[in-house]
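Q: I am new to this structure and would be grateful for a close look at a single part of it. Please describe the surroundings of one residue in detail, and then place that residue within the chain as a whole.

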Amino acid sequence: MHIPDGLIPFEQAVVYLIVSLVILGIFFYYTSRKVNLEKRLVLTGVLTAIVVVTTSVTIPSPMGVQIHFFIIPLVVFILGPFNASLVSFLALLVQALTLGEGGVTALGANVLDMGIVLSLVVYAVYKLFSSIDRRIAIFVSTVMGIIAATFIQIFILTIANASSLEVLLASLLPYYLMVAIMEGIINIVIMEFISRIDNSILDIEKV
């Protein structure tokens, strides 16, 4: 899902970067004022490394769309949406500068859809369904978050005239729906494993 350099006009890329940095600045302010800051920083660093490595592994598809897992929904379940957005920014920055995943000029757009929108939607849907069943909440929120991020990317690429809406819907949506379902199931397994092995990891305040 990483948008590379060259697909988004420079003026649009600047707008996405400014919007993302302003939102991230607000998120950082609230995150830095929470208790257990040392534990939060350690988890942020560890999870950022995991996101960098995992999302750098792409799976080819018949339509030429590179599929990868997101991991950010899992970060939301552990740290909260604001902190997860910051993790996404750090991971995408490292990938753009060192691994060639995504682009430097497209950083703002990538952070906006794969970080901010994805994190907020995952958290909102999780809170909505958590009173019904925790595992259902994890699955549904993962799927809805990834689909929301996919639609945002489709919107960004459409107004950038990178491709037509029909082509983007046909090429991106089916594959990321498949990824979302797979990741939703995996997240249930991981969260169950963490809660059984060391539930203290999940005790940190979600922000």
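A: Leu168 touches Ile154, Leu157, Thr158, Ser163 and Leu173, when residues up to four places away in sequence are not counted. The model in which these contacts are found is a predicted one. Leu168 itself belongs to helix α7, which spans residues 165-197. With a relative accessible area of 7%, Leu168 is buried, because a residue counts as buried when that value is under 20%. A further distance helps to place the residue: the C-alpha atoms of Leu168 and Thr150 are 9.7 Å apart in space, and the two residues are 18 positions apart in sequence.

The segment that precedes helix α7 deserves attention as well. Asn161 is found in the loop between α6, which covers residues 134-159, and α7. Asn161 has a positive phi of about 60°, although it is not a glycine. The relative accessible area of Asn161 is 69%, so this residue is exposed, the cut-off for that class being over 50%. Leu168, by contrast, is buried at 7%.

Helix α6 offers another view of this region through Val143, which is found in that helix. Val143 counts as buried, at 11% relative accessibility. Apart from residues up to four places away in sequence, Val143 touches Leu177, Ala180 and Ile181. Between the C-alpha atoms of Val143 and Asp133 there is a separation of 16 Å, with their positions 10 residues apart along the chain.

The other parts of the chain may be set beside this region. Helix α5 is made up of residues 107-129 and contains Ser119. Ser119 counts as buried, and its relative accessibility is 0%. The side chain of Ser119 reaches the backbone oxygen of Gly115 at a distance of 2.6 Å. Leaving aside neighbours within four places in sequence, Ser119 is in contact with Ile72, Val76, Pro81, Ala84 and Ser85.

Ile71 can be described in similar terms. This residue is placed in the loop between α2, residues 37-55, and α3, residues 72-79. Like Asn161, which is not a glycine and has a positive phi, Ile71 has a positive phi, here of about 70°, although it is not a glycine. Ile71 counts as buried at 14% relative accessibility, whereas Asn161 is exposed.

Towards the N terminus, helix α1 comprises residues 10-32 and includes Thr31. Thr31 is buried, with a relative accessible area of 5%. A polar atom of the Thr31 side chain lies 2.8 Å from the backbone oxygen of Phe27. Not counting residues up to four places away in sequence, Thr31 touches Leu37, Arg40, Phe82, Asn83, Leu86 and Val207. The C-alpha atoms of Thr31 and Leu112 are separated by 18 Å, and these residues are 81 apart along the chain.

The chain as a whole can now be considered. Its secondary structure comprises 7 helices and 0 strands, and from the N terminus on the elements run α-α-α-α-α-α-α. The radius of gyration of the chain is 16 Å, close to the 17 Å that the globule rule gives for 207 residues, so the chain is as compact as a globular protein of that length. Taken along the principal axes, the box filled by the C-alpha atoms is roughly 45 × 35 × 30 Å.

Burial and contacts may also be stated for the full chain. Of the 207 residues, 47% count as buried, and Leu168 is buried. Among contacts between residues at least 6 apart in sequence, 76% join residues at least 24 apart. The accessible surface of the chain comes to about 9,800 Å², and 73% of that surface belongs to carbon and sulfur atoms. The chain has 9 positive and 12 negative side chains, and a distance of 14 Å lies between the centres of the two sets.

Key. Residues are numbered from 1 along each chain as its sequence is written. This is a predicted model: local features need pLDDT of at least 70, side-chain atom pairs count only at pLDDT 80 or more; totals for chains, interfaces and linings use all residues. Side-chain values use heavy atoms; hydrogens and water are left out. Helices (H or I, at least four residues) and strands (E, at least two) are DSSP runs, numbered from the N terminus. The radius of gyration is taken over C-alpha atoms; the globule rule is 2.2 Å times the number of residues to the power 0.38. Buried means under 20% relative accessible area, exposed over 50%, partly exposed in between (1.4 Å probe, protein chains only). Contact means heavy atoms within 4.5 Å. Accessible areas come from the Shrake-Rupley method with a 1.4 Å probe; for residues, only the protein chains shown count as cover. Lys and Arg count as positive and Asp and Glu as negative; His and the chain ends are not counted. The place of a charge is taken as NZ of Lys, CZ of Arg, CG of Asp or CD of Glu. A polar contact is a pair of N or O atoms within 3.5 Å; within protein, one must be able to donate a hydrogen and the other to accept it, and residues adjacent in sequence count only if both atoms are side-chain atoms.
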